[in-house]
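Dear colleague,

I am handing over the structure below, and after it you will find an account of what turned up when its contacts were worked through. Please keep the structure open beside the text while you read.

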Amino acid sequence: MTYNSDLLRLLEERGYIHQVTDAKGLDALAGRQVVPGYIGFDATAPSLHVGSLVPIMMLRRMQQTGHKPFVLMGGGTTKVGDPSGKDESRRMLTGDTIRDNIASIRTIFERVLTFGDGPTDAVLVDNDEWLSQLGYIELLRDVGPHFTVNRMLTFDSVRLRLDREQPLTFLEFNYMILQAYDFRELAQRRGCRLQLGGSDQWGNIVNGIELARRMDGSELFGLTTPLLTTADGAKMGKTAAGAVWLNEDALPAYDFWQYWRNCDDRDVGRFLRLFTDLPLDEIARLEALEGAEINDAKVILADEVTKLCRGEEAARNAGETARATFAGGNLGGDLPVLMVPAEGIRIVSACTEIGFTGSNGEAKRKVAEGAVRIDDSVVTDPGHLITLAAGSTAKISLGKKKHGILQSG
């Protein structure tokens, strides 16, 4: 379909669109007025990870095309837990923990969006504002009749758990009702007409649209993005070392920068379109590079995404550290540092303590495989004792991508 509105044209050109509930209707609405739209984020940790960056960027695209983004934080729904894509129940968090997580998560949105009181300024809303006020009987009477258990059982988030004979609590089963109610409330309270989300949220979004239509006669819209995986089929934002967190406190800027610098050649163009503001003609030029030159495009990708999420100084420092480490063979100042005591430290313990491996068992395997180096010399003895002279340093490396500094204590 050819879109006329700047919003849908931009989303289409950059590769964000998977499904739209009423493409013509939304296109027409976005062409004639400011569309308030939102995406929901639960506060299960102090940081979101790279898997959340596509929806965050969609809110940025809304603002760039003259529309109003709402960030809906799930202070209420986090107490319940979204079963979508989950194999087990989420652990219960206290109210204080959820509030702390929301305050921490807000910092990433403040980098990517412009908040304020203007017609297209972003607004952060917490669904605990209305969900905590709901009486159980009132919810059952007013909202319950618009859902059938028959249909709820067909949802992937429910069916997959049941097919695998994994527990799905009654608490989690109610999540889809609360998320639908969120859309209806945001439409009533804030005039939201659009909900965006990943493709796994399609059923929840449609539920909200139908609930608002039945209860209020409102016309709402939904848009989802494709499921984002890397070229090798891995889930976006997951690595062998764990999640790629957006907040600095959860993942150092150098490691964040390296994640993008080390992406698959086949992902460069797609990631540049989704995660940067570079012009499309420049992206076309960069993704056409071949051989060693594609690494130049990866550096630009790493610089741009790190600048967006962590700031210009963090991006500059991470890039300089990478150049010092890989090009000059020096010790970049942004690498992780491990203090080595006077009596020394076993190489296995060093790998784990500096964060290269998740356990000493994993570290032993890596050492035995010849993947660990001290000052670029391979060490294959898991019992190797690292000792440093007073005031000296050494470089420790795992594979080609992980590097750190050992410093005498």
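**Salt bridges**

Asp267 and Arg270 are joined by a salt bridge between their side chains, with N and O 2.7 Å apart. Please bear in mind from the start that this is a predicted model. The two partners sit in unlike surroundings: Asp267 has a relative accessibility of 2% and therefore counts as buried, whereas Arg270, at 29%, counts as partly exposed.

In total, the count comes to 18 salt bridges. Another of them brings together the side chains of Glu304 and Lys307, at 3.5 Å from N to O. Because these two residues are 3 places apart in helix H15 (residues 294-310), about one helical turn separates Glu304 from Lys307. Glu304 is partly exposed at 22% relative accessibility, and Lys307 is partly exposed as well, with a relative accessible area of 34%.

A further salt bridge is formed by Glu129 and Arg189, whose closest N and O atoms are 3.1 Å apart. This pair links distant parts of the chain, since Glu129 belongs to helix H5 (residues 128-131) and Arg189 to helix H10 (residues 175-190), with their positions 60 residues apart in sequence. Glu129 is partly exposed at 40% relative accessibility, and Arg189 is partly exposed at 42%. Both residues also belong to a network of salt bridges that links Glu129, Arg184, Glu185, Arg189 and Asp216.

**Aromatic rings and the nonpolar cores**

The count of aromatic pairs comes to 7. In one of them, the ring centres of Phe41 and Phe109 are 5.0 Å apart and the ring planes meet at 65°, which is over the 60 degrees needed, so the pair is edge-to-face. Phe41 lies in strand S2 (residues 36-42) and Phe109 in helix H4 (residues 95-112), so this pair ties together parts that are 68 residues apart in sequence. Phe41 counts as buried at 5% relative accessibility, and Phe109 counts as buried at 0%.

Phe109 appears again when the nonpolar residues are considered. The largest nonpolar core has 70 residues, and of these Phe109, Leu223, Trp260 and Phe275 touch the most other members. Leaving aside residues up to four places away in sequence, Phe109 touches Phe41, Leu48, Ile56, Leu59, Val71, Met73 and Phe115. There is also a second, separate core of 31 residues, which includes Phe70, Leu168, Ala180 and Ile209.

Ring pairs also link Phe256, Tyr259, Trp260, Phe271 and Phe275 into a cluster. Over the face of Phe256 lies Arg310, 4.6 Å from the ring centre. In a similar arrangement, Arg106 lies over the face of Phe115, at 4.8 Å from the ring centre.

**Strands and sheets**

Which strands does S5 pair with, and in which sense? S2 and S5 run parallel and are joined by 2 bridges, with Tyr38 standing opposite Gln195 in S5. S5 also pairs in the parallel sense with strand S6 (residues 221-225), over 5 bridges, and the bridge partner of Leu196 in S6 is Leu223. Strand S5 (residues 194-198) has 4 of its 5 residues buried, so this strand is largely enclosed by the rest of the structure.

Elsewhere, 5 strands form an open sheet with mixed pairing, in the order S9-S15-S14-S11-S12. S9 and strand S12 (377-378) stand at the edges with a single partner strand each, so one side of each has no neighbour in the sheet. S9 pairs with strand S15 (residues 402-408) in the parallel sense over 4 bridges. Within this pairing, Leu338 stands opposite Leu406 in S15, and Val337 has Ile405 of S15 as its bridge partner.

Strand S9 (residues 337-340) is also worth following residue by residue. In a regular strand the side chains alternate between the two faces of the sheet. Along S9, Leu338 and Val340 point to one face and are buried, while Val337 and Met339 point to the other face and are not buried.

With best wishes

Key: Residues are numbered from 1 along each chain as its sequence is written. This is a predicted model: local features need pLDDT of at least 70, side-chain atom pairs count only at pLDDT 80 or more; totals for chains, interfaces and linings use all residues. Side-chain values use heavy atoms; hydrogens and water are left out. Rings of Phe, Tyr and Trp (its six-membered ring) pair if their centres lie within 6.5 Å; planes under 30 degrees apart count as stacked, over 60 as edge-to-face and the rest as tilted. Buried means under 20% relative accessible area, exposed over 50%, partly exposed in between (1.4 Å probe, protein chains only). A charge sits over a ring if NZ of Lys or CZ of Arg is within 6 Å of the ring centre and within 35 degrees of the ring normal. Two strands pair if DSSP finds at least two bridges between them. A nonpolar core is a set of buried Ala, Val, Leu, Ile, Met, Phe, Trp, Tyr and Cys residues joined through side-chain atoms within 4.5 Å. Contact means heavy atoms within 4.5 Å. A salt bridge is a side-chain nitrogen of Lys or Arg within 4 Å of a carboxyl oxygen of Asp or Glu.
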